[in-house]
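Me: I should like to understand the terms applied to the structure shown here. Please explain each one by its definition.

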Amino acid sequence: QPVFTETGGIEGETLYYPLLSNPIANDVHFQKNMVISGDNASGKSTYLKTVAINAILAQGLGFAYGERLALPYGHVLTAMDVSDDIEVGDSYFIPPKVKLFCAWFSILKKPGFHYFFIDELFKGTNTIERIGSGLGIVRWLAAQNCLYMISSHDIELVAASGEVNDNYHLTVAMWMARSSLTTRSSQGQP
């Protein structure tokens, strides 16, 4: 049964993603904004989904998938599994912009704390626009009443955002067994 706190972030033990047939459980220490980088298939997206779905289930239904979960109440917003759609004219760039507009609107119009989970910020966009736009979003979110967890392949975004968030790196070997994220230096260097 989840424990609700007045302040802080999300702390969990052996949380897992319930839609996988053989999930890997991981501890969660989401007290500060974070950007997660890592190899392809290292579990970045699954880690974000694990934390997000457990925050939603805890607040909405009073349970979580894991041994322990503690968190303050907050709005949960996600931008995950973004894809393009040629039939409606959406490129990879449009859906994240719409979801980020919803995040902006939520922060401005809904009182209280917010959690943001963003998978591969502006994927499919050219490198310069992706990093520039991503850094702008990260800096704006860092100044709001929220915590964000963002995954990215962009080492440049990870390094440049180190001033406003913690940076972590996942490897395929780490995801194969229960483990915690490894931290990078405060400057976000690999």
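Reply: The following exchange takes up confidence, burial and the nonpolar cores in turn. This is a predicted model, in which local features need pLDDT of at least 70 and side-chain atom pairs count only at pLDDT 80 or more, while totals for chains, interfaces and linings use all residues. Residues are numbered from 1 along each chain as its sequence is written, and side-chain values use heavy atoms, without hydrogens and water.

Me: What is the mean pLDDT of the chain?

Reply: The predictor's confidence in each residue, pLDDT, runs from 0 to 100. Its mean over the chain is 81, and 76% of the residues reach 70 or more. Among the elements, β5 has the highest mean, 98, and strand β10 (residues 182-183) the lowest, 42. Over residues 182-190 the pLDDT is below 50. Where pLDDT is low, the predicted coordinates should not be read in detail.

Me: Why is Y168 called buried?

Reply: Buried means under 20% relative accessible area, exposed over 50%, and partly exposed in between, with a 1.4 Å probe and protein chains only. Y168 has a relative accessible area of 14%, and is therefore buried. This residue lies in strand β9, where strands (E, at least two residues) and helices (H or I, at least four) are DSSP runs numbered from the N terminus.

Me: What makes a set of residues a nonpolar core?

Reply: Its members are buried Ala, Val, Leu, Ile, Met, Phe, Trp, Tyr and Cys residues, joined through side-chain atoms within 4.5 Å. The largest such core has 22 residues, of which I10, F30, I36, V51, Y115, F117 and M149 touch the most other members. Its largest share, six residues, comes from α1. Another core, of 14 residues, lies apart from it and includes V35, L121, I150 and V158.

Conventions: Contact = heavy atoms within 4.5 Å.
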